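User: Please work through the fold and packing of this model with me, one question at a time.

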Amino acid sequence: ELDESIEDGLIREVAEEISPPTVRRNLHSRIADAIVGAAADNDPEWPHVARHYESAGRFEDAAEALRHAAADARRRGALNEARTHLEKTLENIARAAPSQARDRRETTTRLELGFLASAAHGHASGQAAAEFERCLQLLGGEPTPELFATLNALWSYYTARGDLRRPLLRRFPRNGLHAVL
């Protein structure tokens, strides 16, 4: 006689294989929404919710769920787990339709990821610098709080390395930001 959990898993696997993709996506979507709605303290198991959103093709919702998971991990002091969730967040953001809102979400996620890399490996972390450099590409030079956070982080990176000849001025020659730098 089969163990009930094995039997349930087999039934679930067969049901998933014979269901059309649209039905599977709809079920995953409904399951994710039900998990979030049923969480009494509004704190469901975010990685589990994210997996269902991904399977439903709701990549922006999956990214948001993973950001919640990263915040939970960060509060527990699990920096590597938080970084893993943020990297997965970026994968989901990349699957979303291109837009300015998507670029903003990518920027804020990369800022968080860069700050976590700095916390884990110090201000001279190459991974942190790569995240911050990507933020500069996404922001383009529009004076926003994210731009100033990015420039501040890069300043810390390059001064920690003793590389004070970083050509940041070449990035923003026409918009007047050189006066700030």
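**Fold and packing in a predicted model**

Among contacts in the chain between residues at least 6 apart in sequence, 49% join residues at least 24 apart. The coordinates belong to a predicted model.

User: How many helices and how many strands are there in the chain?
Analyst: Read along the sequence, the chain follows the pattern α-α-α-α-α-α-α-α. The count is therefore eight helices and zero strands.

User: What percentage of the residues of the chain count as buried?
Analyst: The cut-off for a buried residue is under 20% relative accessible area. The chain has 181 residues, and the buried share of them is 38%.

User: How much area does the chain expose, and what share of it do carbon and sulfur atoms supply?
Analyst: The exposed area of the chain is about 11000 Å². Carbon and sulfur atoms supply a share of 51%.

User: Which elements give two or more residues to the largest nonpolar core?
Analyst: The largest nonpolar core has 14 residues, and those with the most contacts inside it are Phe 132, Leu 136, Leu 147 and Leu 154. The elements that give two or more residues to this core are H6, H7 and H8.

User: Which residues does the second, separate core include?
Analyst: In soluble globular proteins, nonpolar side chains tend to be buried together. Here a second core, separate from the largest one, has nine residues. Among them are Ala 32, Trp 46, Tyr 53 and Ala 69.

User: What span should H8 have at 1.5 Å a residue, and how far apart are its end C-alpha atoms?
Analyst: H8 has 16 residues, which at 1.5 Å a residue should span 22 Å. The distance between the end C-alpha atoms of H8 agrees with this, at 22 Å.

User: How wide an arc do the buried residues of H8 cover around the axis?
Analyst: In H8 the buried residues are Leu 147, Thr 150, Leu 151, Ala 153, Leu 154, Tyr 157 and Tyr 158. Because the arc they cover around the axis is so limited, these residues are on the same side of H8. An α-helix has 3.6 residues a turn, so residues three or four places apart point the same way. The arc is only 165 degrees.

User: Which exposed residues does the face of H8 turned away from its buried side carry?
Analyst: What covers the buried residues of H8 includes helix H6 (100–121) and helix H7 (126–139). The face turned away from that buried side carries the exposed residues Pro 145, Asn 152 and Trp 155.

User: Is Ala 160 buried, partly exposed or exposed?
Analyst: Ala 160 lies in helix H8 (residues 145–160). Leaving aside its neighbours within four places in sequence, Ala 160 is in contact with His 123 and Ala 124. Its relative accessible area is 48%, and buried means under 20% while exposed means over 50%. Ala 160 is therefore partly exposed.

User: What parts of the structure does the pair of Phe 115 and Phe 132 tie together?
Analyst: The structure holds two aromatic pairs. Phe 115 and Phe 132 form one that is tilted, with 5.2 Å centre to centre and 50 degrees between the planes. Because Phe 115 lies in helix H6 and Phe 132 in helix H7, the pair ties together parts that are 17 residues apart in sequence: H6 and H7.

User: Which of these, Phe 115 or Phe 132, is buried?
Analyst: Phe 115 counts as partly exposed, at 41% relative accessibility. A relative accessible area of 1% is under the 20% cut-off. The buried residue is therefore Phe 132.

User: What angle lies between the planes of Tyr 157 and Tyr 158?
Analyst: Tyr 157 is buried, and so is Tyr 158. They form an aromatic pair at 4.7 Å centre to centre. The pair is edge-to-face, with planes at 80 degrees.

User: Which residues is Ser 118 in contact with, leaving aside its neighbours within four places in sequence?
Analyst: Ser 118 lies in helix H6. It is buried, with a relative accessible area of 12%. Its contacts outside that sequence window are His 123, Ala 128 and Phe 132.

User: What covers the buried residues of H7?
Analyst: The buried residues of H7 include Ala 128, Phe 132 and Leu 136. Their cover includes helix H5 (79–95), H6 and H8.

Conventions:
Residues are numbered from 1 along each chain as its sequence is written. This is a predicted model: local features need pLDDT of at least 70, side-chain atom pairs count only at pLDDT 80 or more; totals for chains, interfaces and linings use all residues. Side-chain values use heavy atoms; hydrogens and water are left out. Helices (H or I, at least four residues) and strands (E, at least two) are DSSP runs, numbered from the N terminus. Buried means under 20% relative accessible area, exposed over 50%, partly exposed in between (1.4 Å probe, protein chains only). Contact means heavy atoms within 4.5 Å. The expected span of a helix is 1.5 Å times one less than its number of residues. The arc is that of the directions from the helix axis to the C-beta atoms. A nonpolar core is a set of buried Ala, Val, Leu, Ile, Met, Phe, Trp, Tyr and Cys residues joined through side-chain atoms within 4.5 Å. Accessible areas come from the Shrake-Rupley method with a 1.4 Å probe; for residues, only the protein chains shown count as cover. Rings of Phe, Tyr and Trp (its six-membered ring) pair if their centres lie within 6.5 Å; planes under 30 degrees apart count as stacked, over 60 as edge-to-face and the rest as tilted.
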